[in-house]
Amino acid sequence: MRGQEHNELIEQQYKADREKLQKIRLLLARRNREIAVLQRKIDEVPSRAELTQYQKRFVELYNQVAATHKETKQFFTLYNTLDDKKVYLEKEVNLLNSIHDNFQQAMAATASRDQFLRQMEQIVEGIKQNRMKLEKKKQENKMRRDQLNDEYLELLEKQRLYFKTVKEFKEECHINEMLLTKMRTKGAS
């Protein structure tokens, strides 16, 4: 009997230990899943090196887009300038053709000659007014350019200050990391 009681006791102990082992395995599996979820979350957060690399790439892309934009603006300006020049040259050609066509008829009679001269004076006056308008527009554009250049210089100064501040911040972060590492090593020992 005693052997059978002993076997039953061992069997009960075995079953209890087996159930306990099963519960521990379930707890371990749950913990492993939690750890895996947390590990994925940690992996989703970019490291400082990755952030620095992203920042550098964004700056490169920004500079590339800015250069393309500047080039495109220059082409638009060139096109508009050439188009304006073409319009003025067409007007000039039309005016010269009109003068040429009407000159012979105007010189034939005194009244038509006087009328032709008055028209020529009006044309010259119109040209002077157009020239004054263009000079005024040129001055306004020059003032606007100077104003934008001043703003650009201010922005360059702000950018320089920004990069200086970022550099100082990185240096301070590096110092902070070194101090934290020293504290951890002292705390561990």
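Which element gives the most to the lining of the second largest pocket? Points 1 and 2 take up this pocket, and the later points turn to the rest of the surface.

1. The answer is α3, with six residues. Keep in mind that this is a predicted model.

2. The second largest pocket has a volume of about 310 Å³. Two elements, α2 and α3, give two or more residues each to its lining. Among the lining residues are Tyr 88, Leu 89, Leu 95, Ile 123, Gly 126 and Leu 134. Lys 91, Glu 92 and Arg 131 also line this pocket. By class, the lining has six nonpolar, two polar and three charged residues.

3. Now the largest pocket. Its volume is about 1,400 Å³. The lining counts 28 residues, and those closest to the centre are Lys 73, Gln 74, Thr 77, Arg 145 and Leu 148. Helix α2 spans 48-108 and α3 spans 110-188; each supplies at least two residues of this lining.

4. What is the make-up of the lining of the largest pocket by class? Nine residues are nonpolar, nine are polar and ten are charged.

5. Next, a nonpolar patch on the surface. Leu 51, Tyr 54, Phe 58 and Leu 61 form this patch. Together they have about 410 Å² of accessible area.

6. One patch member deserves a closer look. Leu 61 sits in helix α2. Why does Leu 61 count as partly exposed? Its relative accessibility is 33%, and partly exposed covers the range between buried, under 20%, and exposed, over 50%.

Terms used
Residues are numbered from 1 along each chain as its sequence is written. This is a predicted model: local features need pLDDT of at least 70, side-chain atom pairs count only at pLDDT 80 or more; totals for chains, interfaces and linings use all residues. Side-chain values use heavy atoms; hydrogens and water are left out. On a 1 Å grid over the protein atoms alone, a cavity is a set of points where a 1.4 Å probe fits but cannot get out, and a pocket is an open set with protein on both sides within 12 Å along at least five of seven lines; lining residues have an atom within 4 Å of a point. Grid points are joined across faces, edges and corners, and a volume is the space filled by probe spheres set on the points. Helices (H or I, at least four residues) and strands (E, at least two) are DSSP runs, numbered from the N terminus. Ala, Val, Leu, Ile, Met, Phe, Trp, Tyr, Cys and Pro count as nonpolar, Asp, Glu, Lys and Arg as charged, and the others, Gly among them, as polar. Patches are made of residues with over 30% relative accessible area and no salt bridge: like charges are joined within 9 Å, nonpolar side chains (Val, Leu, Ile, Met, Phe, Trp, Tyr) within 5 Å. Accessible areas come from the Shrake-Rupley method with a 1.4 Å probe; for residues, only the protein chains shown count as cover. A salt bridge is a side-chain nitrogen of Lys or Arg within 4 Å of a carboxyl oxygen of Asp or Glu. Buried means under 20% relative accessible area, exposed over 50%, partly exposed in between (1.4 Å probe, protein chains only).
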